[in-house]
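Colleague: Could you take me slowly through one part of this model, the packing of its helices, in words that a first-year student can follow? Please go step by step and say what each step rests on.

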Amino acid sequence: LLAKALPRYPFEGARIALVLPQVSALYGATNRAPRLSLRFFDLKAGLETLAPAICDLKPDTLIAPPKVLRWLAERRPPAGVRRLFSGAEVLDAPDRTIIERVFKAPVRDIYMATEGLLGVACEHGTLHLVEDALHFELEPVGGDGLVSPVITDFTRTTQIMARYRMNDLLRLREQPCPCGSPLRAVAEIVGRADDILSLPAIDGDRLVEVTPDILRNVILDCDGRITDFRLVQVGADRLTLSLPELISDLGPRVCGAIEQLFERLGIRALIELDVGLPANGIAKVRRVERRWRATGGA
């Protein structure tokens with residue numbers, strides 16, 4: 001992780017603030033390395049509590065989920081941050097725009113899960129899979145160029161991980177990255193495979209699947225003021241759209257855009273409008289979510 005995220009180390013040191021919902025001994029071991037200082041901030045303590053301590057640390061490197069980076073950018077950005085890394089959640093375009101504008105630094109993705117480190121963005125901002133440590137089989141999902149990784153880890157000595165199926169949806173980058181890395185590049189982490197909405201077709205009993213990225217794009221393209229929302233499938237043919245209270249007047253227009261998409265796809269569904277966004281706490285932000293399952297509801 002150090003070699004990929006901080007390639008100039010140890011010739012250049014780093015003072016790192018790491019904000020995550022769960023501590024790990026892995027991160028504590030970093031403090032034994034020379035010219036490297038890392039402090040872990042437990043997201044469970046709440047950002048209002050953590051923000052002053054993060055600012056006092058004066059980190060030059062900040063690693064956190066997108067919602068944390070955006071919260072800090074909008075309320076209390078620590079000074080002197082030169083390197084920003086986003087992890088644990090999907091980084092959407094509106095979040096990236098706000099974060100980079102305030103910090104005046106690019107946000108680089110870290111693709112990491114309980115299973116280990118899966119990818120790190122290079123200095124050009126392109127996310128590269130760690131194929132120098134893992135074997136990735138990329139299985140097609142749907143017909144829109146999306147793939148889901150199946151990983152085999154050749155570096156483990158205590159637990160075998162062979163052809164382990166992940167739940168993520170990736171879109172690979174078609175053009176080579178200017179950095180020249182031979183490792184495959186990811187254009188976008190779209191979301192989770194189980195958040196693909198499954199809705200009834202107008203002309204029969206079949207179901208039509210819609211991936212989260214398509215719905216995100218339709219909603220965000222409606223108006224530049226939309227920087228946050230939630231779209232949740234709560235029934236077989238029923239969805240709930242939530243928008244911030246300040247832009248609730250955009251609700252009918254957004255619902256209309258989604259309905260037009262569904263009409264083109266031959267989908268029959270009802271969209272209910274809700275005002276106000278739910279509090280996330282330490283939960284991961286999932287702007288498009290499928291809570292309904294055919295076998296047992298929400």
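Modeller: Two residues are in contact when heavy atoms of theirs lie within 4.5 Å. The model is a predicted one, and with that in mind we can begin with two helices that meet. In helix H6, the residues Ile214, Leu215, Val218 and Ile219 meet Val254, Ala257, Ile258, Leu261 and Phe262 of helix H7. If we sort the residues of this contact by kind, nine are nonpolar, while none is polar and none is charged.

How do the two helices lie against each other? Helix H6 covers residues 212-220 and helix H7 covers residues 251-265, and their axes come within 9 Å and cross at roughly 140°. Angles over 145 degrees would count as roughly antiparallel, and H6 and H7 are therefore described as oblique to each other. Their crossing is right-handed.

A second helix surface worth following is that of H3, where the buried residues are Leu47, Leu50, Ala51, Ile54, Cys55 and Leu57. Viewed down the axis of H3, these buried residues fall within an arc of 150°, so they line one face of the helix. A general rule helps to picture this: an α-helix has 3.6 residues a turn, so residues three or four places apart point the same way. On the other side of H3 we find Glu48, Thr49 and Asp56, which are exposed. The buried residues of H3 are covered by parts of the structure that include strand E1 (14-20), strand E2 (36-42) and helix H4 (66-75).

Just after H3 comes Lys58, with a positive phi of about 55°, although Lys58 is not a glycine. In general, most residues other than glycine have a negative phi. Lys58 sits in the loop that runs between helix H3 (47-57) and strand E3 (61-64), and because its relative accessibility is 52%, Lys58 counts as exposed.

Ala88 can be read in a similar manner, for Ala88 is not a glycine and yet has a positive phi of about 80°. Ala88 belongs to the loop between strand E4 (83-86) and helix H5 (93-103), and with a relative accessible area of 32% Ala88 is partly exposed.

How values were computed:
Residues numbered from 1 in each chain as written. Predicted model: local features only at pLDDT ≥ 70, side-chain atom pairs only at ≥ 80, totals over all residues. Heavy atoms only, no water. Helix = DSSP H or I, 4+ residues; strand = E, 2+ residues; numbered from the N terminus. Buried < 20%, exposed > 50% of the residue type's maximum accessible area, 1.4 Å probe, protein only. Axes fitted to C-alpha atoms, helices over the stretch in contact; angles between N-to-C directions. Parallel < 35°, antiparallel > 145°, perpendicular 65-115°, else oblique. Left-handed = near helix turned anticlockwise from the far one by under 90°. Nonpolar A, V, L, I, M, F, W, Y, C, P; charged D, E, K, R; others polar. Arc of directions from axis to C-beta.
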